[in-house]
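Here are a few short exercises to work through with the model open. Try each one yourself before reading the solution.

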Amino acid sequence: TKVAVLISGRGSNMEALVRAAQDPACPFEIALVLSNKPEAGGLITAAAAGVEALAVDQKPYGKDREAHERAIDAALRERGIQVVALAGYMRILTPFLVNAWEGRMLNIHPSLLPAYPGLDTHGRALSAGEVEAGCTVHLVTAGVDEGPILGQARVPILPGDTDHMLSDRVLEQEHQLYPATLAAFVRGL
Ligand code: GRF
């Protein structure tokens with residue numbers, strides 16, 4: 001199954017997916033890494049790993065998010081992509097791309113959804129005095145960080161945790177959860 005990973009920055013989850021796909025037993029292939037930001041560091045790591053890395057810069061489209069998404073969608077279809085994995089893609093999607101890939105687009109979010117959708121999940125979980133955090137892989141629907149949950153991993157919040165310590169602990173789990181959940185999803189298609 002041909003998967004495209006959509007990123008906007010560092011791309012550590014993308015790297016974990018690329019690494020997992022190198023196992024001959026893995027049911028998915030990362031056929032494309034696409035960023036809405038040409039300066040995303042993940043584009044360099046992807047290319048270094050031998051994966052096609054493409055920037056579809058949002059800038060020339062200005063506020064026309066749908067026109068930008070039409071360009072993304074065309075790039076995906078030209079390459080025969082079957083499943084899209086959002087991994088730190090930091091632009092809210094319009095109904096166009098959500099509908100075009102309904103049931104075939106996944107996202108990873110650094111909280112135990114439905115708790116803490118949106119930004120600054122770790123800071124908010126710490127301020128609220130939570131004792132547990134985690135990450136969620138879910139199908140993408142119109143509502144941001146909503147959509148059916150496909151997998152979760154939990155980590156403890158420890159006394160003295162900073163935002164940074166907690167995000168590192170969660171990220172380590174993200175790198176396990178995303179490849180495993182994507183593999184299970186693809187096997188079920
Ligand atoms: C991750 O925490 C992911 O859950 C969130 O954005 C971050 C992306 O990190 N959606 P990376 O680019 O995969 O390193």
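**Exercise 1.** Work out which residues G11 touches, leaving out those up to four places away in sequence.

*Solution.* Start with the rule: two residues are in contact if their C-beta atoms, placed from the backbone, lie within 7 Å. With that, G11 touches A40, G41, G42, T45, A46, A87 and G88. This is a predicted model, so local features need pLDDT of at least 70, side-chain atom pairs count only at pLDDT 80 or more, and totals for chains, interfaces and linings use all residues. Residues are numbered from 1 along each chain as its sequence is written.

**Exercise 2.** Is G11 buried or exposed?

*Solution.* Take the cut-offs: buried means 20 or more other C-beta atoms within 10 Å of a residue's own, exposed 12 or fewer, partly exposed in between. G11 is buried because 24 other C-beta atoms lie within 10 Å. Next, place it: G11 sits in the loop between β1 (2–7) and α1, with helices (H or I, at least four residues) and strands (E, at least two) taken as DSSP runs numbered from the N terminus.

**Exercise 3.** Now do the same for N13, and list its contacts beyond four places in sequence.

*Solution.* First, N13 is in helix α1. Second, N13 counts as buried because it has 25 C-beta neighbours inside 10 Å. Third, N13 is in contact with A87, G88, I108, E174, H175 and Y178.

**Exercise 4.** Which residues does the UniProt annotation "binding site" cover?

*Solution.* According to the unreviewed UniProt entry, they are G11, S12 and N13; such positions are given in the numbering used here, feature names are shortened, and annotations may be inferred rather than shown by experiment.
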